[in-house]
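Open the structure in your viewer and keep the selection panel handy. We will go from stop to stop, with a selection to make at each one and a short look at what is there.

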Amino acid sequence: PDDASTAGAPPPEQVEQGRAVFAAAGCGGCHTLADAGSTGTIGPNLDSLQPSTARVTAVVESGRGGMPSFASSLGEDEIEAVAAYVSSVAGQ
């Protein structure tokens, strides 16, 4: 049976990989994200922002404001994973 609450949700293993990338890349040093236990205040509060996967992907790849691009330090699969993670847990 289809569960509407999980429709379109990223695979759990991708979310777990994204959680690890978020920690390893130091994202929590600048961003607040309750699921990650981070309370950074330099960048936007991701729980408040609740960005889409596409938004996270674009900002991680290109950078924005004071945030540098991570395109040269993270692989495409890592960027996709961290975007899936942030967009699926922000605001929860």
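Leaving aside its neighbours within four places in sequence, which residues is G29 in contact with? Select G29 and show what surrounds it: the contacts are G40 and I42. Before going further, please keep in mind that this is a predicted model.

**Stop 1: around G29**

G29 sits in the loop that runs between helix 1 (12–24) and strand 1 (32–33). Is G29 buried or exposed? Its relative accessibility is 53%, so G29 counts as exposed. Now add D77 to the selection and draw a C-alpha to C-alpha distance. G29 and D77 lie 48 residues apart in sequence, and the distance in space is 22 Å.

**Stop 2: helix 1 against helix 4**

Next, select helix 1 and helix 4 and look at how they meet. Their axes are 7 Å apart, and the packing angle is about 100°. Helix 1 and helix 4 are therefore roughly perpendicular to each other. To see the contact, show side chains on both partners. Helix 1 brings Q14, V15, Q17, G18, R19, V21 and F22, while helix 4 brings D77, E78, E80, A81, V82, A84, Y85, V86, S88 and V89. Colour these by class and you will find 9 nonpolar, 4 polar and 4 charged residues in the contact of helix 1 with helix 4.

Now pick out Y85 from this group. What does Y85 touch, not counting residues up to four places away in sequence? The list is V15, G18, R19, F22, L33, D35 and A36.

**Stop 3: the largest nonpolar core**

Keep Y85 on screen and widen the view to the largest nonpolar core, which has 17 residues. Those touching the most other members are F22, L33, V60, L74, V82, Y85 and V86. Helix 1, helix 3 and helix 4 are the elements that give two or more residues to this core. Which element supplies the largest share of this core? That is helix 4, with 6 residues. As a general background to this stop, nonpolar side chains tend to be buried together in soluble globular proteins.

**Stop 4: helix 3 against helix 4**

Leave helix 4 selected and swap helix 1 for helix 3, residues 53–62. Helix 4 covers residues 76–89, and the two pack at an angle of about 135° with axes 8 Å apart. Helix 3 and helix 4 are therefore oblique to each other. Their crossing is right-handed. From helix 3, the contact takes in T53, V56, T57, V60 and E61; from helix 4, it takes in I79, V82, A83, A84, V86 and S87. These residues of the contact of helix 3 with helix 4 divide into 7 nonpolar, 3 polar and 1 charged.

Which residues of helix 3 are buried? Select V56, T57, V59 and V60. What covers the buried residues of helix 3 includes helix 4.

**Stop 5: T57, E80 and T53**

Zoom in on T57, which is part of helix 3. T57 has a relative accessible area of 18%, and is therefore buried, as the cut-off is under 20%. Not counting residues up to four places away in sequence, T57 touches I79 and A83.

Then add E80, a residue of helix 4. E80 is partly exposed, at a relative accessible area of 37%. The C-alpha atoms of E80 and T57 are separated by 6.5 Å, although the two are 23 residues apart along the chain.

Move along to T53, also found in helix 3. T53 is partly exposed, with a relative accessible area of 36%. With residues up to four places away in sequence left out, T53 touches A83, A84 and S87. Try the C-alpha to C-alpha distance from T53 to A84: 5.6 Å in space, for 31 residues in sequence.

**Stop 6: either side of helix 3**

Finish with two backbone checks. Select Q50, in the loop between helix 2 (46–49) and helix 3. Q50 is not a glycine, yet has a positive phi of about 45°. Its relative accessible area is 49%, so Q50 is partly exposed. Then go to G63, just after helix 3, where phi is positive at about 80°.

Methods: Residues numbered from 1 in each chain as written. Predicted model: local features only at pLDDT ≥ 70, side-chain atom pairs only at ≥ 80, totals over all residues. Heavy atoms only, no water. Axes fitted to C-alpha atoms, helices over the stretch in contact; angles between N-to-C directions. Helix = DSSP H or I, 4+ residues; strand = E, 2+ residues; numbered from the N terminus. Parallel < 35°, antiparallel > 145°, perpendicular 65-115°, else oblique. Left-handed = near helix turned anticlockwise from the far one by under 90°. Contact = heavy atoms within 4.5 Å. Nonpolar A, V, L, I, M, F, W, Y, C, P; charged D, E, K, R; others polar. Buried < 20%, exposed > 50% of the residue type's maximum accessible area, 1.4 Å probe, protein only. Core = buried A, V, L, I, M, F, W, Y, C linked by side-chain atoms within 4.5 Å.
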